[in-house]
Amino acid sequence: LVAAGEHRQAPDRARLAADFERSLEGVDAADASPAGPFGSALRAFRNRHMIGILLRDLARHADLRGTTAALSDLAEVMIERTLARLQPLAVAEWGRPLTRAGDEQQLVVIAMGKLGARELNLSSDIDLVFVHAEGGTVEGGAGITCQEFFTRLGRRLIGLFDTRTPKGFVFRVDMRLRPFGDAGPLAQHLDAFLDYYEEQGRDWERYAFVKARAITGDAATVAGLEEGLRPFVYRRYLDFGAIAALRDMKAMIRREVQRCGLEADVKLGAGGIREVEFVAQVFQLIHGGRDRSLQTRALRDVLPQLVRAGLLEDEEALRLELAYVFLRELEHRIQALDDAQTQRLPDDPA
């Protein structure tokens, strides 16, 4: 890391992708078992770059934006480059998933939550949703549907990333934000996906999609996805029912914090990270349909827009941002020890 200058400066996306290809050169992705050579090489790549991120963060060569951007770049590059290796092998095994126009479909990976907003923390799950362009049957091969093709491909990606082996894991993957949650299909074609939100989408799902962002897939499918989701997330009219639903959601979160004894949790406890996010996202959901400048994923980018729109005072926005930065950096200190997936303040004074 020192030899590459990466103890002070994070590699950009192009360098990261080039390093991925160098690091996995000659490693066969045909064995998709997490503990096999490909899975082990992914873990070694992830661990090396995570150490660089930690080193820059603790030595203060990177601020919060720099650390979360580097973590998000690492996750995105690894998802994108791993899929680029897995899909040709899947085509050879199961057949080619074509559109009606004869183009090969790609898996659209929607990053939700902190990855969607490029705010990933040191031990975040990556919340993903899988979509593909069209239904139909693959050409040649196993005669399966396109949905089954992308379901199998998605499972391979999740297994490679999420499974803990003696060499660790890549990223924990959470797929529960997809339509119907764990009971729903792992991958859906675009029309079925958008139909779900038009007919059955709930207020908490609007909240979840404020930060959503497609990180893989062809431009036309991604554009159709964004255009289709926008009216679901951002209503053009003032929706008093949504305000009541958000109030209920906030009360439910508070009850859960009390029930689980999470008062010392810097994310979920009173005055924690979630509360800062909630303030901003409630304003976005209520006013974002009429003011597109509020359709912003990253929390620290939306706070100035809320001031500009007259929804927050300058001092209020500054206090929220300073609190958010302090709490996120504290969260990283807690998680840097043992790669721990926690936001709870330690009990041990040392």
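**View 1. Helices α3 and α12 sit oblique to each other in this predicted model.** The angle is what settles it: α3 (residues 64-94) and α12 (residues 314-336) pack at about 55°, and angles under 35 degrees would count as roughly parallel while 65 to 115 would count as roughly perpendicular, so this pair is oblique. Their axes are 10 Å apart. As for handedness, α3 goes past α12 in a left-handed crossing. On the α3 side, the contact is made by Leu 64, Arg 65, Thr 67, Thr 68 and Leu 71. Helix α12 answers with Glu 321, Tyr 324, Val 325, Arg 328, Glu 329 and His 332. Sort the residues of this contact by type and you get 4 nonpolar, 3 polar and 4 charged.

**View 2. Helix α3 also packs against α5.** Here the angle is about 135°, with the axes 10 Å apart. That makes α3 oblique to α5, too. This crossing is right-handed. From α3 come Met 78, Ile 79, Thr 82, Leu 83, Leu 86, Gln 87, Ala 90, Val 91, Glu 93 and Trp 94. Facing them in α5 are Phe 149, Phe 150, Arg 152, Leu 153, Arg 156, Leu 157, Leu 160 and Phe 161. The tally for this contact is 13 nonpolar, 2 polar and 3 charged residues.

**View 3. The largest nonpolar core takes in 49 residues.** If you want somewhere to centre the picture, try Ile 79, Ile 126, Phe 130 and Phe 161, the residues with the most contacts inside this core. At least two core residues come from each of α1 (13-23), α2 (37-58), α3, β1 (108-111), β2 (126-132) and α5 (146-162). Helix α3 gives the most, with 12 residues. Apart from this core lies another one, of 31 residues, with Val 108, Val 131, Phe 232 and Val 233 among them. As general background, nonpolar side chains tend to be buried together in soluble globular proteins.

**View 4. Here are the contacts of Phe 161.** Leave out residues up to four places away in sequence, and Phe 161 touches Leu 42, Arg 43, Met 78, Ile 79, Thr 82, Ile 126, Phe 169, Val 170, Phe 171 and Val 173. Three of those names may ring a bell from View 2: Met 78, Ile 79 and Thr 82 are on the α3 side of the contact with α5. Ile 79 and Ile 126 turn up again as well, listed with Phe 161 among the residues with the most contacts inside the largest core.

**View 5. Ala 84 is a partly exposed residue in helix α3.** Its relative accessibility is 40%, hence the label: partly exposed runs between the 20% and 50% cut-offs. Thr 216 is 132 residues away from Ala 84 along the chain, yet their C-alpha atoms are separated by 9.9 Å.

**View 6. Ser 40 in helix α2 and Arg 15 in helix α1 make a handy pair of close-ups.** Which of the two is buried? Ser 40 is, at 13% relative accessibility, whereas Arg 15 is partly exposed, with a relative accessible area of 38%. Setting aside neighbours within four places in sequence, Ser 40 is in contact with Pro 34, Ala 35 and Lys 167. With the same neighbours-excluded rule, Arg 15 is in contact with Ala 4 and Glu 6.

Technical notes:
Residues numbered from 1 in each chain as written. Predicted model: local features only at pLDDT ≥ 70, side-chain atom pairs only at ≥ 80, totals over all residues. Heavy atoms only, no water. Axes fitted to C-alpha atoms, helices over the stretch in contact; angles between N-to-C directions. Helix = DSSP H or I, 4+ residues; strand = E, 2+ residues; numbered from the N terminus. Parallel < 35°, antiparallel > 145°, perpendicular 65-115°, else oblique. Left-handed = near helix turned anticlockwise from the far one by under 90°. Contact = heavy atoms within 4.5 Å. Nonpolar A, V, L, I, M, F, W, Y, C, P; charged D, E, K, R; others polar. Buried < 20%, exposed > 50% of the residue type's maximum accessible area, 1.4 Å probe, protein only. Core = buried A, V, L, I, M, F, W, Y, C linked by side-chain atoms within 4.5 Å.
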